[in-house]
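Got your viewer open? Load the model, set it to cartoon, and keep the selection box handy for a short walk.

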Amino acid sequence: MHNRSLNAIPVICLILLLAGCMSANSGAGNNTSEGGIQLASWDFAEFELFFGAFVIIILMCLFKTFYPRIPYVPDYVPQSLLLICIGVIFGVIFNAASAKEIENTLWKLTPTMFFHFLLPPIVLDAAFGLYNRTFIDYLGGILIYAVLGTVFNFLIIGPLMYGLNLGGAMGGGLSNVSLNSFFLFASLIVAVDPVAVLAIFQDIGVEPGLYYMVFGESLLNDAVTVVLYEIMSEFVKVTTVSPTDIGLGVGSFFTISLGGLLVGVVYGVVSSFLTRWESHFSSIFLITMAYFSYIMGDCLGWSGIISMIGCGLMQANYAFHNLSSTALNTTRQIIKQISEISEGIIFFLIGVQLFSAEILWHTGFCLWGLVVCLIARTIVVLLLSLLINVAHINGMKISMREQIILIYGGLRGAVAFSLAILVDYNQLGHDGENVRKIIITATLFIIFVTVGLMGLTMKPLVRLFNVKLAGEKNLSLWGDMNNTMLDHTLAGVEAIVGATGRNQARVFFTRLDDKYIRRLLQRDPETHDQKIIKTYEKIALKLHYATIHPEESSSHLRSLPEALVRQHMTASESTLTLPSIVATTSDPNLQEFFVRHSVSGLSLPSRCIDEREEEQPQEEEEEVHHHQHHHHNRKSVHFGENVFGDEDKPFDPHWRRRTSLINEGRETEDFKDTFMDVMTAKSRVIKERRRSRMLPTDIETRLNTLANQRIPTMEELSKSRETIESEVAEGEEEEEEEEEMGHKRVTMMDENDSEGASESVVIPKKDYPQKKKKTKDTISFSLGGEEL
């Protein structure tokens with residue numbers, strides 16, 4: 001019931017979210033129904049927004065559910081490209097069936113819908129995912145690609161396209177487009193949205209370093225792009241740009257970014273501190289505070305995206321520790337599901353926009369825009385990669401294969417299109433309306449080509465270049481301890497040589513975090529050194545799940561070290577239980593008896609059998625060389641008691657009990673009757689083995705003999721308990737007599753040998769193997785407190 005309510009939360013949130021964002025596009029319809037009492041009425045105009053929200057959410061959930069099940073399609077076609085195609089098909093049908101234009105319907109992707117409702121959950125989910133050691137290690141390179149790379153792309157695309165236009169390469173019709181307009185287009189087209197690339201990376205399993213470089217660059221690149229766009233929107237309003245304006249633009253770039261980060265950190269600290277008091281409203285509280293930071297950042301004129309990133313990182317670092325496991329899982333599931341649905345809606349609506357009235361094709365502008373974007377991406381990635389490799393930033397080394405993947409992963413997406421829609425044609429000159437339509441059309445064209453062409457060929461390219469894949473990551477106590485020791489060792493080496501590197505900085509901030517910040521923001525603060533305890537808990541839980549669910553053990557043990565998995569499987573497979581011995585003559589109802597009487601501890605670990613097998617050859621060797629008699633003590637088998645003193649092992653549940661031989665098996669025998677029958681047959685086998693000269697002395701052979709016994713006859717089943725005990729006693733007496741007679745014969749042979757020692761010919765005495773003398777220990781069976 002709890003899981004159903006958990007899955008319903010994201011759907012309810014999305015319905016309210018889309019209803020709100022669609023209401024921003026069009027007002028509610030008027031109630032045109034006439035007065036009077038009616039049995040039923042149809043007022044679609046009033047609930048049109050909710051109908052639209054329900055339909056698009058249901059369709060997107062169905063698509064997300066059945067897309068992985070489509071044969072061959074997920075292996076070759078990215079999800080984003082398929083959604084765009086579905087949107088195009090929907091637009092064709094809508095235009096043919098409806099007289100309305102896309103702009104006057106709910107299917108128009110507006111900036112309000114995108115930036116205030118669809119984008120925040122995507123950014124928050126990405127911020128939660130950025131809290132990772134690999135992201136911190138590659139943070140220097142990520143910031144270089146995201147900040148410097150975005151600025152350099154902007155500075156290359158704008159002037160180059162303006163120069164091509166002046167040279168006449170773009171053709172006619174663009175003579176009235178100013179330099180500021182080209183810079184405005186460059187500021188929005190530099191937004192990278194590699195959703196398809198990241199999905200392919202997750203599918204193939206590339207190295208975490210490359211994954212987080214692309215992931216971090218795309219997330220921070222969106223924030224930087226929005227800042228550049230806001231600055232260029234102000235420049236477009238003026239006819240001339242002075243050096244003072246340029247200086248203020250550069251300064252505003254840092255204030256917008258750092259101011260947004262400050263807002264996010266403050267909201268993250270407040271939300272982490274308030275979650276110290278346990279409450280079942282913690283999940284909705286954290287999500288609300290994160291969204292509040294996004295709105296507050298925009299309200300102050302700073303970057304709301306950077307504000308939400310900072311808040312999400314603070315919450316993942318501190319507030320998540322204050323949540324219970326259920327609340328934490330709820331928070332992650334809500335954001336994850338809303339984020340995936342929002343991404344799907346965005347790409348679907350992008351496909352629908354192809355049939356918008358704001359489309360105006362210009363061949364030169366669109367084609368040269370695509371070419372210039374690819375050229376600028378290539379130049380910037382190669383130059384910045386060279387800088388990182390030469391300067392050894394964070395000890396990174398970016399290979400040429402990884403550089404090609406970074407160049408090819410520069411796909412454009414919804415951020416660029418939403419910014420293009422935001423362009424105000426009144427600020428683009430006297431022909432501003434047509435220039436705005438050309439910018440929107442070129443943006444859509446570049447999105448379709450990059451997502452369609454580059455997204456389709458990304459997976460073959462990754463396999464062609466044999467990009468380094470991520471190694472299998474195991475839960476290992478030794479690995480965690482080794483990584484911690486290496487961190488401290490490298491920090492010590494840096495301190496000795498007098499170099500201040502990332503290892504020393506990490507140790508400094510870790511100590512500061514453990515000593516002050518975590519004690520303030522967490523309910524029960526844990527130090528970074530206690531990570532090994534968390535690893536131990538995870539390993540223990542996985543072993544526990546593998547034990548209680550053996551049919552799913554492979555999935556639970558996948559992330560554990562190979563030696564630990566082998567040890568667990570050996571212990572599980574080699575455990576011998578008494579119910580498995582009588583499996584051929586048992587019934588499933590016998591399991592209930594063992595559970596009810598707490599006899600699940602009946603087990604014979606095979607390690608004891610192995611010990612007996614290892615001791616046997618040693619004892620035989622001692623007999624040959626020293627002529628000594630050894631007595632082999634036999635262990636007794638008891639119900640509900642572990643005879644070897646080890647921990648209890650679970651008994652095999654796959655056993656059954658036989659039905660009664662009376663009434664043609666229509667009734668089942670009572671447990672005690674069946675048990676006495678089984679013990680009767682076992683006593684006969686034991687007596688026959690004692691009378692045999694080839695007595696098996698190891699426990700495994702005895703257990704196999706017991707397990708392979710025949711089903712007793714009706715005559716044997718009728719014997720009473722006293723008869724069994726008397727037969728066992730008679731067998732012991734006969735055996736003792738045989739042992740005494742054998743001992744006398746051996747004594748007489750020794751005396752004869754000693755008398756013949758004075759003769760001239762000495763006949764050596766052969767060392768015939770003699771039967772070992774057995775102890776008085778017997779195999780006893782007890783049921784509850786009654787000894788059998």
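We start with the whole protein, go into its core, and then come out through charged pairs and rings to the surface.

**Stop 1: the whole thing**

Keep in mind that this is a predicted model. Colour by secondary structure, and you should find 30 helices and 2 strands. The protein has 788 residues, and 43% of them are buried. About 42,700 Å² is exposed, with carbon and sulfur atoms supplying 60% of that area. If you like contact maps: among contacts with a separation of 6 or more, 79% join residues 24 or more positions apart.

**Stop 2: the core**

Select Ile157, Phe185, Leu188, Phe201 and Phe365 and show them as sticks. In the largest nonpolar core, which has 138 residues, these five touch the most other members. Which helix gives the most to this core? That would be helix 10, with 18 residues.

Now centre on Phe201. Leaving out residues up to four places away in sequence, Phe201 touches Val206, Leu210, Tyr211, Val214, Ile405 and Val462. There is also a second, separate core of 6 residues, and Leu475, Ala546, Leu557 and Leu560 are among them.

**Stop 3: salt bridges**

Side chains of opposite charge can pair when their charged atoms come close. The count here is 7 salt bridges, and a few are worth a visit.

- Select Glu217 and Arg377. They form a salt bridge whose closest N and O atoms are 2.8 Å apart. Glu217 belongs to helix 10 (residues 208–236) and Arg377 to helix 15 (residues 363–391), so this pair ties together parts 160 residues apart in sequence. Are they buried or exposed? Both Glu217 and Arg377 are buried.
- Next, pick Lys336 and Asp125, whose side chains meet in a salt bridge at 3.8 Å, N to O. Lys336 sits in helix 14 (residues 325–352) and Asp125 in helix 5 (residues 111–130), so parts 211 residues apart in sequence are tied together. Lys336 is partly exposed, at 38% relative accessible area.
- Then try Arg566 and Glu562, which make a salt bridge at 3.2 Å, N to O. They are 4 residues apart in helix 23 (residues 562–573), so about one helical turn separates them. Arg566 counts as partly exposed because its relative accessibility is 47%, while Glu562, at 59%, counts as exposed.
- Finally, select Asp137, Asp487 and Arg506 together: salt bridges link these three in a network.

**Stop 4: a buried arginine**

Go to Arg436 in helix 18 (residues 432–464). Why does Arg436 count as buried? Its relative accessibility is 11%, and the cut-off for buried is under 20%. To see what surrounds Arg436, show Glu358, Ala420, Ile421, Val423, Tyr425 and Leu428, which are its contacts once neighbours within four places in sequence are set aside.

**Stop 5: rings**

A pair of aromatic rings is described by the distance of the centres and the angle of the planes. This structure holds 21 aromatic pairs. For one of them, select Phe273 and Trp277: the pair is edge-to-face, with 5.5 Å centre to centre and 80° between the planes. Phe273 is partly exposed at 30% relative accessibility, and Trp277 is exposed at 54%.

For a group of rings, select Phe90, Phe94, Trp107 and Phe348, which ring pairs link into a cluster.

**Stop 6: a nonpolar patch**

Switch on the surface and select Trp42, Phe44, Phe47, Phe50, Phe51, Phe54, Val55, Ile58, Leu59, Leu62 and Phe66. Together these make a nonpolar surface patch of about 1,100 Å². Zoom in on one of its members, Phe54, which is in helix 2. Phe54 is partly exposed, with 39% relative accessible area.

**Stop 7: an odd backbone angle**

Follow helix 2 (48–66) into the loop that runs to helix 3 (73–76), and stop at Tyr72 in that loop. What is the phi of Tyr72? Phi is positive there, about 70°, although Tyr72 is not a glycine. Turn on its side chain too: Tyr72 counts as exposed because its relative accessibility is 64%.

Terms used: Residues numbered from 1 in each chain as written. Heavy atoms only, no water. Buried < 20%, exposed > 50% of the residue type's maximum accessible area, 1.4 Å probe, protein only. Phe/Tyr/Trp six-rings, centres within 6.5 Å; stacked < 30°, edge-to-face > 60°. Contact = heavy atoms within 4.5 Å. Areas by Shrake-Rupley, 256 points an atom, 1.4 Å probe, with all protein chains shown as cover. Patch = residues over 30% accessible without salt bridge, like charges linked within 9 Å, V, L, I, M, F, W, Y side chains within 5 Å. Salt bridge = Lys/Arg side-chain N within 4 Å of Asp/Glu carboxyl O. Core = buried A, V, L, I, M, F, W, Y, C linked by side-chain atoms within 4.5 Å.
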